[in-house]
Amino acid sequence: YQRIVQDLSERILTKNYTINTFKSKKEEKNKDFYYYGTTEIFDSVKKGFVYGESVNMARDLVNTPYNYLNATDLANFAKDLEKQDGVTVKIYDKPAIKKMNMGAFLGVNAGSSDEPKLIYVKYQGLPTWENPTALVGKGVMYDTGGYSLKTPVSMPGMKVDMAGSAAVICAINALARLDVKANVMAIVAATDNRIGDGAIVPDDIITSANGKTIEIVSTDAEGRLTLADAVWFAQKEGAKRVIDVATLTGAMVAALGKEFTGAFTNDKEFYAEFKTATDKTKEAIWEMPITKAYHKELKSKVADLKNKGGRLAGASQAAAFIEEFIDKDTKWIHLDIAGTASSQATGATGVMVKSFTELFM
């Protein structure tokens, strides 16, 4: 019955979710939350409440338009999590990002008048900071496609392209609120992808933080560029287990629709552990293939690799690109939430906030 109580507590919040921040006439809702019962159900009520609250927090972020939420705004939001016990946040500005030679991340930002931010959130739930797991979220605050411009049909809704960043930041909120005994970091390379005088163009070659050179085939394959430097940073900071989450490819939506998040991994044991968590939260994932053949698709004649391969198997090729920046001794899972991050009915879903939290419970 405790699981039923938890689910009920969560759903009271998530099923009544609305975003009317930007409406001139706002519908006021009762935000008070009460329960009556024995003390033994308190933990279940609290867990459900924190899950629901954190999911809605992520939905608010994703549903907020770019002119109200750019990289700096997201960094300030993350910094506010330091109010929670065990949470410390460091924000790296553009000069600091340049100092780390994050040419892939900076390449995406090159056409923007808004500064990028590398957001580093640490949650220490154990006595000493060791063996942290990294949650790396794609933080493309708005994606025009750059000079590989999106169509007028596909561009609206691209405020959702930072849903991965919302998931990892709000998971840290849940972990801290529930006092989970784990060490977890959230990493976000936050920027928008726009056209401007300095923007990268197809045929450009940029250099990532780990030294690999990348030929730009499409400026609309930008999320993987930010993730390349972000996963490098996570590993540099000591993470031997990394999960990245991103609204990465239309190919993933074509393959699995809105029902499943596509999952790729280099470690079956780590994947099985995460799959157990998603089974509990009912956030469905489906394992997709990633092989040497997909890596071969990314070979470049003029650089170490291209940021996009051929027309087929786009989701697997995108995953292969990120894997190029994962160390051999790092356990890694890539989640493509392009189909599951939003729905027509409710807008943002807050997908993966619960599963990331459940993984450490």
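**Entry 1: a helix to start with**

How far apart are the end C-alpha atoms of helix α2, residues 42-63? I began here, keeping in mind that this is a predicted model. I took the 22 residues of α2 at 1.5 Å a residue, which gives an expected span of 32 Å. The end C-alpha atoms turn out to be 31 Å apart, so the two values agree.

Next I looked at how covered this helix is. I found 16 of the 22 residues of α2 buried, so the rest of the structure largely encloses the helix.

**Entry 2: stepping back to the whole chain**

I then turned to the overall picture. The protein chain has twelve helices and 13 strands. Its C-alpha trace spans about 65 × 50 × 40 Å along the principal axes.

Does the radius of gyration agree or disagree with that of a compact globule? For 361 residues, a compact globule would have a value near 21 Å, and the protein chain has 20 Å, so I noted that the two agree.

I also wrote down that 55% of the 361 residues count as buried. The accessible surface of the chain comes to about 16300 Å², and 52% of that belongs to carbon and sulfur atoms. Among contacts with a separation of 6 or more, 77% join residues 24 or more positions apart.

**Entry 3: the nonpolar cores**

How many residues does the largest nonpolar core have? I read off 63, and the residues with the most contacts inside this core include L74, I172, I243 and F274. Helix α6, residues 163-177, gives the most to this core, with eleven residues. There is also a second, separate core of 48 residues, and A230, F264, A318 and F325 are among its members.

I picked F274 for a closer look. Leaving out neighbours within four places in sequence, F274 is in contact with I243, I285, I333, L335, M352, S355, F356 and L359. Of these partners, I243, L335, M352 and F356 are listed with F274 among the residues with the most contacts inside the largest core.

**Entry 4: helix α11 and the residue before it**

My next stop was helix α11, residues 314-323. Nine of its ten residues are buried, so the rest of the structure largely encloses this helix too. The buried ones include G314, S316, A318 and F321. I had already met A318 in the second core.

A313 sits in the loop between β10 (305-306) and α11. With a relative accessibility of 35%, A313 counts as partly exposed. Its phi is near 55°, a positive value in a residue that is not glycine. I made a note of this because most residues other than glycine have a negative phi.

**Entry 5: D179, another positive phi**

Where is D179 found? I located D179 in the loop between α6 and β4 (183-193). Its phi is positive, at about 55°, although D179 is not a glycine. D179 has a relative accessible area of 47%, so I put it down as partly exposed.

**Entry 6: N183 in strand β4**

N183 belongs to strand β4. Is N183 buried or exposed? Its relative accessible area is 3%, so N183 is buried.

I then listed its surroundings. Not counting neighbours within four places in sequence, N183 is in contact with Y123, Q124, G125, L126, T128, W129, E130, N131, P132 and T133. For W129, the C-alpha atom is 6.6 Å from that of N183, with the two positions 54 residues apart in sequence terms. For E130, the backbone oxygen lies 3.0 Å from a polar atom of the N183 side chain.

**Entry 7: D161 and its polar partner**

D161 is placed in the loop between β3 (133-143) and α6. At 5% relative accessibility, under the 20% cut-off, D161 counts as buried. Which residues does D161 touch, beyond those up to four places away in sequence? I found K138, V140, D143, E222 and T247. With K138 there is a polar contact of 2.9 Å between the two side chains.

**Entry 8: an exposed residue to finish**

After so many buried residues, I looked up I4, which lies in helix α1, residues 2-14. I4 has a relative accessible area of 61%, over the 50% cut-off, so I4 is exposed. I4 and S44 are 40 residues apart in sequence, while their C-alpha atoms are 8.6 Å apart in space.

Notes:
Residues are numbered from 1 along each chain as its sequence is written. This is a predicted model: local features need pLDDT of at least 70, side-chain atom pairs count only at pLDDT 80 or more; totals for chains, interfaces and linings use all residues. Side-chain values use heavy atoms; hydrogens and water are left out. Helices (H or I, at least four residues) and strands (E, at least two) are DSSP runs, numbered from the N terminus. The expected span of a helix is 1.5 Å times one less than its number of residues. Buried means under 20% relative accessible area, exposed over 50%, partly exposed in between (1.4 Å probe, protein chains only). A nonpolar core is a set of buried Ala, Val, Leu, Ile, Met, Phe, Trp, Tyr and Cys residues joined through side-chain atoms within 4.5 Å. Contact means heavy atoms within 4.5 Å. The radius of gyration is taken over C-alpha atoms; the globule rule is 2.2 Å times the number of residues to the power 0.38. Accessible areas come from the Shrake-Rupley method with a 1.4 Å probe; for residues, only the protein chains shown count as cover. A polar contact is a pair of N or O atoms within 3.5 Å; within protein, one must be able to donate a hydrogen and the other to accept it, and residues adjacent in sequence count only if both atoms are side-chain atoms.
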